[in-house]
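Please load the model in the viewer and keep the sequence panel open. The tour proceeds by selections, each followed by a description of what is found there.

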Amino acid sequence: MADLILQNQLVSFFLLLVPIIGVTWKVFDVLFVKPRDFRIAVLEKNVEEIRKELQRTPQSEAASLPNTVPTAAVSATAEEAPKIAPASRLLERTTLLNNMNAFFESWKDKALTDLQRDQFERNYLGQKVVWRARLQSVSEEKNGLLWVSLVSEKERDYSVHVIAVFDHKFKEALLIVNKGEVVTVSGVLDSFSLSPLIKDCSIVRDA
């Protein structure tokens with residue numbers, strides 16, 4: 001009799017346990033399994049879309065872009081651009097070739113990289129300059145050339161310094177120029193080192 005009761009209790013326990021397990025699994029499936037599967041499906045879909053996007057050819061992308069810019073506007077822009085840019089560059093170049101202070105400050109600009117400064121020098125080598133400057137000193141070399149140290153015409157601007165090389169025929173003209181006198185010197189940019197150096201120079205005293 002006791003065995004029968006015990007067996008009935010075990011049967012009742014299992015009968016009760018089965019629904020509990022079923023309900024638990026259902027809740028787990030709803031809360032965890034299905035959301036996980038959904039996220040995986042979404043990720044797979046996104047990956048597939050990215051793969052398709054990467055496989056698109058540049059030609060197909062270009063073909064799909066609408067041509068919203070009128071042809072006339074494009075041609076007008078193409079015609080105007082070459083006129084505007086060179087004009088500004090020409091103005092800047094003219095200013096620097098006729099203003100020693102501006103030229104020196106542009107060359108020594110601390111914002112320039114070494115590459116940019118090298119390009120600046122290449123752009124101006126061989127260019128003729130006409131600069132007003134203050135004569136600092138004159139020395140005669142063994143080969144007869146006269147080396148003239150020029151500084152800014154502004155008396156307190158000591159940072160600007162240029163070397164001008166004159167032929168011996170200008171010796172008489174340089175003998176009558178006093179230290180500190182403002183003169184106009186023309187020449188051709190020949191090299192850059194600690195200072196710009198100009199050659200084939202001529203000099204005019206200010207009246």
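**First selection: Ser186**

Begin with Ser186, which is located in strand S4, spanning residues 182-192. The model is a predicted one. Is Ser186 buried or exposed? Its relative accessible area is 14%, and because buried means under 20%, Ser186 counts as buried.

Next, display the residues around Ser186. Beyond its neighbours within four places in sequence, Ser186 is in contact with Lys128, Val129 and Val130, and also with Asp200, Cys201 and Ser202. Which of these should be shown with side-chain atoms? Select Ser202: its side chain and that of Ser186 are joined by a polar contact of 2.6 Å.

**Second selection: strands S4 and S5**

Extend the selection to strand S5, residues 196-205. S4 and S5 are paired in the antiparallel sense, and eight bridges link them. To inspect one position of this pairing, select Thr184, which has Val204 of S5 opposite it.

**Third selection: the barrel**

Now select all the strands of the barrel. Five strands form a closed barrel in the order S1-S2-S3-S5-S4, with mixed pairing. From one strand to the next, the twist averages 55°.

Add helix H4, residues 100-107. Which strands does H4 lie across? The helix lies across S1, S2 (146-151), S3 (161-166), S4 and S5. Relative to S1, H4 runs at about 90°.

**Fourth selection: Val138**

Move to Val138 in strand S1, which covers residues 128-140. With a relative accessibility of 38%, Val138 counts as partly exposed. When residues up to four places away in sequence are not counted, Val138 touches Trp147, Val148 and Leu174. For a distance check, pick the C-alpha atoms of Val138 and Leu174: they are separated by 7.8 Å, while the two residues lie 36 apart along the chain.

**Last selection: the whole protein**

Finally, return to the full view and colour by secondary structure. The protein has six helices and five strands. Read from the N terminus, the elements follow the order α-α-α-α-α-β-β-β-α-β-β.

Switch to a surface representation. About 15,300 Å² of the protein is exposed, and carbon and sulfur atoms supply 61% of that area. Of the 207 residues, 24% count as buried. A contact map completes the tour: among contacts between residues at least 6 apart in sequence, 56% join residues at least 24 apart.

Methods: Residues numbered from 1 in each chain as written. Predicted model: local features only at pLDDT ≥ 70, side-chain atom pairs only at ≥ 80, totals over all residues. Heavy atoms only, no water. Helix = DSSP H or I, 4+ residues; strand = E, 2+ residues; numbered from the N terminus. Buried < 20%, exposed > 50% of the residue type's maximum accessible area, 1.4 Å probe, protein only. Contact = heavy atoms within 4.5 Å. Areas by Shrake-Rupley, 256 points an atom, 1.4 Å probe, with all protein chains shown as cover. Polar contact = N/O pair within 3.5 Å; in protein donor to acceptor, adjacent residues only side chain to side chain. Pairing = 2+ DSSP bridges. Axes fitted to C-alpha atoms, helices over the stretch in contact; angles between N-to-C directions.
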